[in-house]
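This report covers model confidence, the surroundings of the ligand and one helix packing. The structure is shown first.

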Amino acid sequence: MDTFSLARLHQLARAHIGKIFVLNGLQPYPPAKIKRIRAEPIDRGDDMSKAQVIHELGPPNAMRWEDWPVPGPGAGDVRLRHTAIGLNFADTYHRAGVSHPWPVPPCPVVIGFEGVGIVEGVGEGVTEFRNGDRVAYCIPPLGSYSEIRNYPADKLLHLPDGLGEREVAALLLKGITAQYLLHRTYAVQPGDTILVHAAAGGMGLILCQWAKALGATVVGTVSTGEKAEVARAAGCDHPVVRSRESFVDVVREVTDGEGCAVVYEAIGKDTLQQSLDSLRPMGVCAAYGHVSGPPDPVDIIQDLGRRGSLFITRPAIMHYVAKRGDLERTAHELFKAIADGILDANVNYEYALKDAVKAHEAIESGTTRGATVLIP
Ligand SMILES: NC(=O)c1ccc[n+]([C@@H]2O[C@H](COP(=O)([O-])OP(=O)(O)OC[C@H]3O[C@@H](n4cnc5c(N)ncnc54)[C@H](OP(=O)(O)O)[C@@H]3O)[C@@H](O)[C@H]2O)c1
């Protein structure tokens, strides 16, 4: 039996046999104990989801719309039915096997780590959530490209009244990321000049809006004149079309030659070295994304030391909100920024979850503006 079908068999066994053991008060698995169980009816409908299943990492059509078994929620887990799913560029790395701080489990696998839904069941020990609650999450474990899934209660958030599910699916991960990038990776001060790449993208628009509210001057890079106007409307003071103008020159001009305090570097390979050229001494490069590919290695003496004792970091959301207190605090600040009218969700694209292949093709083309959500 090949690796794939063996893995699939184990998964089905966990989903169905595991449930029988749990119903009988025994430990789920190993299959060798099957003989000792009394037969119980299984409601297979409750345990089967449609999902975008990947059997081999690759291009967008590596995702296939298939049945995916979901076992009953284990201890500490919540069963939820998705109502909206956030599409993130990192999903394309996970699908394709591009290097990313969060590893992808072996295939077959369902990717995605941002979702909004309704609670349909809770596992042992879960007291904070009950059936019917509106909930949301934005950190792994992966598995949001599905109709139903189990998710750890200690990483789950209640949805505030008055916030729409599509809006939260578009804003939660990107907004929490913007919050920690602007307040913790580097604490933006009024009067700072900052550089935001891909300023009309999902992350870029949120960074521009929030940084403007903090009193920063924002230089933002984009690929077209139309995107420059989208970024300007979100608070970007100096949109730069990268193919027409040097963003290093614009930053130097705006800062009287000093350089910017921080660069929010999302493009990676194509721009990292010029981003370092844009920084003031002791400036911070927050290399939080790499849409053009992982950047070349950085020489800490030549690239950082010689340019002016620069700092560089590769921040990732799952580390910044790994502690429950940080997750709750950051989400609270995000929800407040939405309520205060600082942030607009910019949900510009909606696809049915079954059409996730098209959604991936669209964001990888680099032509989208703002956020994309998937609807199960
Ligand atoms: N570290 C974290 O915690 C964290 C959290 C969220 C997102 N991220 C990362 O942030 C980056 C941006 O995310 P996003 O949600 O803003 O993505 P997005 O909405 O899809 O925007 C990406 C933009 O990048 C630009 N781009 C430049 N070169 C590109 C290329 N070769 N292929 C595709 N796009 C290219 C395009 O804008 P122009 O046409 O204007 O160039 C495109 O619209 C991603 O790398 C993502 O993984 C990191």
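Residues 1-45 have pLDDT under 50 throughout, and the model gives them 42 contacts beyond four places in sequence. The model is a predicted one. For the protein chain the mean pLDDT is 89, with 88% of the residues at 70 or more.

**Ligand shell**

Around the ligand there are 29 residues, and those that come nearest are Gly201, Met203, Ser223, Gly289 and Gly366. By residue class, the shell consists of 15 nonpolar, 11 polar and 3 charged residues. Both domain 1 (43-163 + 346-375) and domain 2 (174-318) contribute to the shell, with at least three residues each. Four helices supply at least two shell residues each, as tabulated here.

| Helix | Residues | Supplied to the ligand shell |
|---|---|---|
| Helix 2 | 89-96 | at least two residues |
| Helix 3 | 165-185 | at least two residues |
| Helix 4 | 202-213 | at least two residues |
| Helix 11 | 356-365 | at least two residues |

**Packing of helix 3**

Helix 3, one of the helices that supply the shell, also packs with helix 10 (residues 324-339). A helix pair of this kind is described by the angle between the two axes and by the distance between them. For helix 3 and helix 10 the angle is about 105 degrees and the axes are 9 Å apart. The two helices, helix 3 and helix 10, are therefore roughly perpendicular to each other, since angles of 65 to 115 degrees count as such.

On the helix 3 side, the contact involves Leu171, Gly175, Ile176, Gln179 and Tyr180. These meet Thr330, Ala331, Glu333, Leu334 and Ile338 of helix 10. The residues of this contact comprise 6 nonpolar, 3 polar and 1 charged.

Methods:
Residues are numbered from 1 along each chain as its sequence is written. This is a predicted model: local features need pLDDT of at least 70, side-chain atom pairs count only at pLDDT 80 or more; totals for chains, interfaces and linings use all residues. A residue is near a molecule or strand if its C-beta atom, placed from the backbone, lies within 6 Å of it. Ala, Val, Leu, Ile, Met, Phe, Trp, Tyr, Cys and Pro count as nonpolar, Asp, Glu, Lys and Arg as charged, and the others, Gly among them, as polar. Domain bounds come from an automatic or database domain assignment. pLDDT is the predictor's confidence in each residue, from 0 to 100. Two residues are in contact if their C-beta atoms, placed from the backbone, lie within 7 Å. Axes are lines fitted to C-alpha atoms, for helices over the stretch in contact, and angles run from 0 to 180 degrees between N-to-C directions. Angles under 35 degrees count as roughly parallel, over 145 as roughly antiparallel, 65 to 115 as roughly perpendicular and the rest as oblique.
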